[in-house]
Amino acid sequence: MLNSVDAGRRLMLRAAAYPLVAVVVLALAFLLVGPKYALGALVSGAAVVAGTVLAAWVGLGGGVQAAGSAMIRMFLGFALKIVLIVAVLAMAFVWWRLPPLALLAAIPVALMFQVLALARR
């Protein structure tokens, strides 16, 4: 076995830290447009980061398991991540009335930096 579960956890924490920094920078840029735009970027970016942490906790939290069980945990973690992001977007758009541009702009930025963090060695 090449990777341990602990190495996977460290990688997922790095995959959560990089997008958080990128989303804060994006929120600072949106602050020039208005505080609601900055808050929208922070809320949706934080949802992506929280979803990543949740997916890592669910997917890698069971220790060493059979392949089938491990895949089910990984898929469940990914599904929970998507549900969390969609729920936060719905609340931010409908209840808090945050600007859709800022809400939707932070998601690809956070996911792009998550991929970059995972690809980095």
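This passage looks at three helices of a predicted model and at two residues of helix H2.

We may begin with the pairing of H2 and H3. Helix H2 covers residues 35–60, and helix H3 covers residues 67–95. Their axes come within 8 Å and cross at roughly 160°. Since angles over 145 degrees count as roughly antiparallel, H2 and H3 are therefore roughly antiparallel to each other. The crossing in which H2 passes H3 is right-handed. Sorted by class, the residues in the contact of H2 with H3 are 18 nonpolar, 5 polar and 2 charged.

Two residues of H2 invite a closer look. Threonine 52 lies in this helix and has a relative accessibility of 2%, so it counts as buried, the cut-off for which is under 20%. Beyond its neighbours within four places in sequence, threonine 52 is in contact with Met12, Ala15, Ala16, Lys81 and Gln114. Leucine 54 also belongs to H2, but its relative accessibility is 26%, and leucine 54 therefore counts as partly exposed. Between leucine 54 and serine 69, which are 15 residues apart along the chain, the C-alpha atoms are separated by 17 Å.

Helix H4 comes next. This helix runs through residues 100–119, and at 1.5 Å a residue its 20 residues should span 28 Å; the end C-alpha atoms are 29 Å apart, which agrees. Buried residues in H4 are Ala102, Leu103, Ala106, Ile107, Val109, Ala110, Gln114 and Ala117. An α-helix has 3.6 residues a turn, so residues three or four places apart point the same way. Gln114, one of the buried residues of H4, is also one of the contacts of threonine 52.

Technical notes:
Residues are numbered from 1 along each chain as its sequence is written. This is a predicted model: local features need pLDDT of at least 70, side-chain atom pairs count only at pLDDT 80 or more; totals for chains, interfaces and linings use all residues. Side-chain values use heavy atoms; hydrogens and water are left out. Helices (H or I, at least four residues) and strands (E, at least two) are DSSP runs, numbered from the N terminus. Buried means under 20% relative accessible area, exposed over 50%, partly exposed in between (1.4 Å probe, protein chains only). Contact means heavy atoms within 4.5 Å. The expected span of a helix is 1.5 Å times one less than its number of residues. Axes are lines fitted to C-alpha atoms, for helices over the stretch in contact, and angles run from 0 to 180 degrees between N-to-C directions. Angles under 35 degrees count as roughly parallel, over 145 as roughly antiparallel, 65 to 115 as roughly perpendicular and the rest as oblique. A crossing is left-handed if the near helix is turned anticlockwise from the far one by less than a right angle, and right-handed if clockwise. Ala, Val, Leu, Ile, Met, Phe, Trp, Tyr, Cys and Pro count as nonpolar, Asp, Glu, Lys and Arg as charged, and the others, Gly among them, as polar.
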